[in-house]
Amino acid sequence: MHSAILDFLKRWDVEYRESLSLAEYSSIGCGGRARLVVFPSSINTTAALISFLNDLGAPYRVIGNMTNTLFRDCEYSGILIKTDKLNKYFVAENTVTVEAGALYKRLAARLSLIGISLFEELFMIPGSIGAMVLGNAGAHGKETSGLFISGEFLNPSGERITLSRDEMDFAYRTSYARSLGLVCLSVTLRCFPDSFSNIASRIKRFADIRRAAQPTNLPSLGSVFKKHDGVGMGYYIERAGLSGYRIGGAEVSRKHAGFIVNVGGATASDVIALRDFIKVRVFEKFGFMPEEEIEVL
Ligand SMILES: Cc1cc2nc3c(=O)[nH]c(=O)nc-3n(C[C@H](O)[C@H](O)[C@H](O)COP(=O)(O)OP(=O)(O)OC[C@H]3O[C@@H](n4cnc5c(N)ncnc54)[C@H](O)[C@@H]3O)c2cc1C
C-alpha cells in the first residue's frame with residue numbers, strides 16, 4: 001500500500017516527507033514522528049489524493065498548523081495531509097475566498113494592507129482558516145462563524161459539497177462539518193473595508209491584551225480545556241492549586257492556568273499526564289470533569 005501511495009504522489013508531483021518529526025511542526029514542540037506527511041498544493045490534488053486513499057482504504061488525517069493537536073510520542077502510522085500549501089485567496093466585493101490551509105493571522109495582515117478587515121479579535125489565534133472554521137475558533141467575544149458565508153468540503157465518500165452558514169450549525173468550538181469529520185477545502189468569509197491604521201490599532205490592542213494575560217512566549221496548544229458554564233478553565237485550575245505544577249517539561253502556566261506550556265524538553269506523554277492530572281484534581285475539587293479543547297492523536 002505504501003509504495004502505491006508514493007507512486008501516486010510522484011505521478012501527481014505532490015511534495016511529501018517520510019519519517020517526519022512532528023515536534024518540529026507542533027506549536028507545543030513535542031510529539032512523535034509521522035511515517036508519511038503529504039503537502040498538496042492545490043485543492044484538486046487534495047481531492048484526488050483523498051479519493052485515491054479512500055479507494056485504497058488507507059487511513060489519513062487532514063491537519064492544519066498543529067496548534068490544537070498533540071501527537072503521541074510514538075509513530076503516527078496514518079497518512080497526514082498537511083494543508084500548509086493550500087493558502088491561495090482572492091478578494092471580491094466584501095468577501096474573501098481562501099483555501100483551508102491559509103493562516104488566519106497572515107491572511108488578516110495581508111488584507112489589512114489593502115484596507116480590508118476581518119475580525120481583529122481573532123488575530124492572535126495561530127490556526128489555519130480551515131481548522132478555525134471547523135472548530136469555530138473564537139476570542140474576545142468573536143467567533144469564526146461570524147465571518148463565515150460558505151465553504152467547500154469533502155464528504156466521507158469524497159464528494160465536493162458546499163455548505164452555507166445555516167447548514168454549518170455552528171456552536172461553541174464546533175460545527176456540523178466538524179462533527180461529521182468533513183475535510184475543509186476552502187471557505188468564503190465576509191470582510192469589511194477599513195483603513196490600515198484603524199485595523200492595525202485594533203490588532204495591537206488585542207495582541208497587547210493577549211501578551212499581558214497569556215504565556216505567548218512559551219510553546220503551547222492554547223487553552224487545553226473548553227470553558228465550563230461560560231467560565232474559562234484557568235479559573236478552576238488556578239483555584240485547584242495547580243498554577244506552576246509540572247510533570248517533566250510540561251507545566252501549568254503560571255501566567256494563565258488554562259494553558260500547559262513546554263518549559264523545555266517536554267514530551268507528549270508529559271503533556272498528556274499533566275492534562276489527566278488536572279482533570280482529576282478539578283473533578284475532586286469542583287465535581288465536574290473538564291472537557292478537552294485540544295485533540296490528542
Ligand atoms: C498560543 C495559542 C493561542 C490560541 N488561542 C486560541 C483562541 O483564542 N481561540 C481558539 O479558539 N483557539 C485558540 N488556539 C487553538 C488553535 O489555534 C485553534 O483551535 C485553531 O483553530 C487550530 O488551527 P490549526 O490549523 O492549528 O488546527 P490543527 O491543530 O492542525 O487541527 C485541529 C483539528 O482540525 C482538523 N483539521 C485541520 N485542518 C483541517 C481541514 N482542512 N479539514 C479537515 N480537518 C482539518 C485536524 O485534523 C484536527 O482535528 C490557540 C492556540 C495557541 C497555540
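Six bridges join strand E1 to strand E2 (residues 33-39), and the two strands run antiparallel. One pair shows the register: Glu-18 has Leu-36 in E2 as its bridge partner. This is a predicted model.

**Two open sheets**

E1 and E2 belong to an open sheet of four strands, ordered E1-E2-E5-E3. Its pairing is mixed. Strand E1 (15-21) and E3 are the edge strands, each pairing on one side only. On average, neighbouring strands here are turned by 30° against each other, direction ignored.

Another open sheet has five strands, in the order E6-E7-E13-E11-E12. Its pairing is antiparallel. The edges are strand E6 (89-92) and strand E12 (160-164), and each of them pairs on one side only. Neighbouring strands of this sheet are turned by 15° on average, again ignoring direction. Within it, five bridges join strand E11 (residues 148-154) to E12. These two strands run antiparallel. Leu-154 has Arg-160 in E12 as its bridge partner.

**A helix that meets both**

Which strands does helix H2 touch in the four-stranded sheet? Helix H2 (residues 43-56) packs on that sheet and touches E2, E3 and strand E5 (76-82). H2 also lies across strand E7 (95-99), E11, E12 and E13. The table gives its direction against one strand of each sheet.

| Helix | Strands touched or crossed | Angle |
|---|---|---|
| H2 | E2, E3, E5 | about 155° with E5 |
| H2 | E7, E11, E12, E13 | about 150° to E13 |

**The nonpolar core**

The largest nonpolar core holds 78 residues. Which members touch the most others? They are Ile-129, Cys-184 and Val-271. Val-271 reaches well beyond its own stretch of sequence. Leaving aside neighbours within four places in sequence, Val-271 is in contact with Ile-28, Cys-30, Leu-70, Ala-250, Ile-260 and Ala-266.

**Around the ligand**

How many residues surround the ligand? There are 30, and the closest are Gly-64, Gly-127, Gly-130, Ala-131 and Gly-222. Several elements give two or more residues to this shell: strand E3 (60-63), helix H4 (129-134), strand E9 (138-139), strand E13 (183-190) and strand E15 (220-223). H4 supplies the largest share, four residues. By type, the shell divides into 14 nonpolar, 14 polar and two charged residues.

Some elements recur in this picture. E3 is an edge strand of the four-stranded sheet and also gives residues to the ligand shell. E13 is part of the five-stranded sheet and contributes to the shell too.

Key:
Residues numbered from 1 in each chain as written. Predicted model: local features only at pLDDT ≥ 70, side-chain atom pairs only at ≥ 80, totals over all residues. Near = placed C-beta within 6 Å. Nonpolar A, V, L, I, M, F, W, Y, C, P; charged D, E, K, R; others polar. Pairing = 2+ DSSP bridges. Axes fitted to C-alpha atoms, helices over the stretch in contact; angles between N-to-C directions. Contact = placed C-beta atoms within 7 Å. Core = buried A, V, L, I, M, F, W, Y, C linked by C-beta atoms within 7 Å. Buried ≥ 20, exposed ≤ 12 C-beta atoms within 10 Å, placed from the backbone.
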